[in-house]
Amino acid sequence: MNRKLKALRAAGNFEKVAEIMKKIVQKDLRMVDISDFMIFTIEPDRPTWGTTHEFVQAIQQRKPVYIVIEDRMKTPLWFLRYIPAGYVFESHKELIRHLRMIHQGKVKVDQTRWKILLDIYRCSDIMAPYA
């Protein structure tokens, strides 16, 4: 899809690009709307506008936002204004370990961000595949 969009853009067919991108953006932002929390894998040498847009939308909705970035020191400075330092991880494995600890009640969470933490909403085997 990316190649097709770039080819259309190179040909000057901006209307078609906009038509396709409208559907993609709608779907991506809807996924933010229905999520309980967001995980963004950031590649600082390869920034994307869509990721930033989704990040902003999640922050505006006061959802917990986690960042996985190979080197924490390369976390975009702008992002650090909006998320606690403890929400930045250097690997998915490290993040999953943290989420498991939340699930087990070993880590307290920011109640201004997390909305679905009542035991009745928790699935006891939700983290089983990551054990």
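This is a walk through the fold, the aromatic contacts, a few loop residues and the main pocket of a predicted model.

Let's start with the overall layout. The chain has five helices and three strands, and if you read along the sequence they come in the order α-α-β-α-β-α-β-α. There are 131 residues in the chain, and buried ones make up 28% of them.

Now for the aromatics. The structure holds eight aromatic pairs. Take Tyr66 and Phe89: their ring centres are 6.0 Å apart and their planes sit at 45°, so this pair counts as tilted. Tyr66 belongs to strand E2 (residues 65-69) and Phe89 to strand E3 (residues 88-89), so the pair ties together parts that are 23 residues apart in sequence. Both Tyr66 and Phe89 are buried.

There's also an aromatic cluster to look at, formed by Phe40, Phe55, Trp78, Phe79 and Tyr82. Tyr82 is a good member to follow. You'll find Tyr82 in the loop between helix H4 (77-80) and E3. With a relative accessible area of 28%, Tyr82 is partly exposed, because the partly exposed class runs from 20% to 50%. Tyr82 and Phe55 are 27 residues apart along the chain, and their C-alpha atoms are separated by 9.5 Å. Tyr82 has a charged partner too: the charged end of Arg81 sits over the Tyr82 ring, 4.5 Å from the ring centre.

Stay in that loop for a moment. Ile83 is also found between H4 and E3, but here the relative accessible area is just 4%, so Ile83 is buried. Its C-alpha atom is separated by 6.9 Å from that of Val65, and the two residues are 18 apart along the chain.

Two other loops are worth a stop. Ser35 lies in the one between H2 and strand E1 (38-42). Is Ser35 buried or exposed? At a relative accessible area of 17%, Ser35 is buried, because the cut-off is under 20%. The side chain of Ser35 has a polar atom 2.9 Å from the backbone oxygen of Val32.

The other stop is Arg62, placed in the loop between H3 and E2. Its phi is near 60°, a positive value in a residue other than glycine. For context, most residues other than glycine have a negative phi. Arg62 has a relative accessibility of 43%, so this residue counts as partly exposed.

Finally, the empty space. The largest pocket has a volume of about 690 Å³. It is lined by 18 residues, and the closest to its centre are Asn2, Leu5, Met21, Trp49 and Gly50. Which elements give two or more residues to this lining? They are helix H1 (2-10), helix H2 (14-34) and helix H3 (49-60). H2 provides the largest share, with six residues. As for chemistry, the lining of the largest pocket has nine nonpolar, five charged and four polar residues.

To pull the thread together, go back to the model with three places in mind. One is the Tyr66 and Phe89 pair, with both residues buried. Another is the loop between H4 and E3, where Tyr82 and Ile83 are found. The last is the largest pocket, with Trp49 and Gly50 among the residues closest to its centre.

Notes. Residues numbered from 1 in each chain as written. Predicted model: local features only at pLDDT ≥ 70, side-chain atom pairs only at ≥ 80, totals over all residues. Heavy atoms only, no water. 1 Å grid on protein atoms, 1.4 Å probe; cavity = no way out; pocket = protein on both sides within 12 Å on 5 of 7 lines; lining within 4 Å. Points joined across faces, edges and corners; volume = space filled by probe spheres on them. Helix = DSSP H or I, 4+ residues; strand = E, 2+ residues; numbered from the N terminus. Nonpolar A, V, L, I, M, F, W, Y, C, P; charged D, E, K, R; others polar. Phe/Tyr/Trp six-rings, centres within 6.5 Å; stacked < 30°, edge-to-face > 60°. Buried < 20%, exposed > 50% of the residue type's maximum accessible area, 1.4 Å probe, protein only. Lys NZ or Arg CZ within 6 Å of the ring centre and 35° of its normal. Polar contact = N/O pair within 3.5 Å; in protein donor to acceptor, adjacent residues only side chain to side chain.
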